[in-house]
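Biologist: Hey, can we go through the charged pairs in this one together? I'd like to get the basics straight.
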Amino acid sequence: MASVPIMTPAWTFPEFSPVGIDLASAEAVARYDRNQGTDAARDRALLDRLGVGPGTTFVDLACGTGSLVVEAARRGADAHGVDVAEEMLAFTRERAADAGFAVSLHHAGFLSYEHAGPPADVVTTRSALHQLPDFWKQAALLGIARYVRPAGLLYVWDLMFSFPPAEYAEHVQRMIDEFGRPDGEGFSRADFEAHVREEFSTYTWILEGLLDRAGFAVEESAFPRPTHGEFLCRRR
Ligand SMILES: C[S@@+](CC[C@H](N)C(=O)[O-])C[C@H]1O[C@@H](n2cnc3c(N)ncnc32)[C@H](O)[C@@H]1O
């Protein structure tokens, strides 16, 4: 069911016009899916870790091409995928139809999604919270806290910075050198350069503060690279 904001103040962040990688056509979305490299084993491992199973109310925010939300539906969850890009939702819809599982898809964003029905047991968001500036990340997390049940889980994976701030230039350059692929073989150097220049990845210690102030207790965190990391949190 579509969920579209009706009236928003003029100062609201324009989340339906995200910056970054072009996702405005079916070809661009298919290219994104290839670059992202869907990994069903990784999706299953995450859902196991979060205890997603039959009857879980599960929401994937910024679901993209939908591998995680379809995998959640496969195991019997009440699975909701939310994204601001119609083309991403179309790809996810097709993925779910091919797999033969029902997912509820919502054309909405971190800030505008209005969850209906039972509160969520588990909310995930991968590679997307950086779409919002920090002020709006806080607003988004406060919003999520309103529809996650007490003791429910929030999982965040993103490009986030755990390096010492004074060393930012070398770490950013190292990430681009290490992860940038030739055209057609994955996300390019230009994609990573644009990410740092135009998107809103932030420091892990800022994210910790935002999560805490939104009512989430961080239970686990891991920063496998100085530029990538995750938080697993429980709603207080
Ligand atoms: C890099 S992709 C990640 C997609 C998916 N989570 C994954 O791991 O493959 C970022 C996604 O965020 C979506 N997006 C951007 N801004 C958003 C917002 N404010 N709210 C929800 N989704 C957003 C984009 O349309 C895109 O699908």
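Modeller: Sure, we'll take the salt bridges a few at a time, and keep in mind that this is a predicted model.

Biologist: How many salt bridges does the structure hold?
Modeller: There are 14 salt bridges.

Biologist: And why would side chains pair up like that?
Modeller: Side chains with opposite charge can pair when their charged atoms come close.

Biologist: Okay, which residue does R49 meet in a salt bridge?
Modeller: R49 pairs with E220, at 3.0 Å from N to O. R49 sits in helix α2 and E220 in strand β6, so this bridge ties together parts that are 171 residues apart in sequence.

Biologist: Is R49 buried, exposed or partly exposed?
Modeller: R49 counts as partly exposed, because its relative accessibility is 36%. E220 is partly exposed too, at 39%.

Biologist: Switching to helix α6, what does D177 pair with?
Modeller: D177 forms a salt bridge with R189, again 3.0 Å from N to O. R189 belongs to helix α7 and D177 to helix α6, so the pair ties together parts 12 residues apart in sequence.

Biologist: What about E178, where's its partner?
Modeller: E178 bridges to R225, and their closest N and O atoms are 2.2 Å apart. This pair links distant parts of the chain, with E178 in helix α6 and R225 in strand β6, 47 residues apart. E178 is partly exposed at 37%, and R225 is partly exposed at 36%.

Biologist: Last one: which residues are joined into one network?
Modeller: That would be R44, E71 and R74, joined by salt bridges that share partners.

Methods:
Residues are numbered from 1 along each chain as its sequence is written. This is a predicted model: local features need pLDDT of at least 70, side-chain atom pairs count only at pLDDT 80 or more; totals for chains, interfaces and linings use all residues. Side-chain values use heavy atoms; hydrogens and water are left out. A salt bridge is a side-chain nitrogen of Lys or Arg within 4 Å of a carboxyl oxygen of Asp or Glu. Helices (H or I, at least four residues) and strands (E, at least two) are DSSP runs, numbered from the N terminus. Buried means under 20% relative accessible area, exposed over 50%, partly exposed in between (1.4 Å probe, protein chains only).
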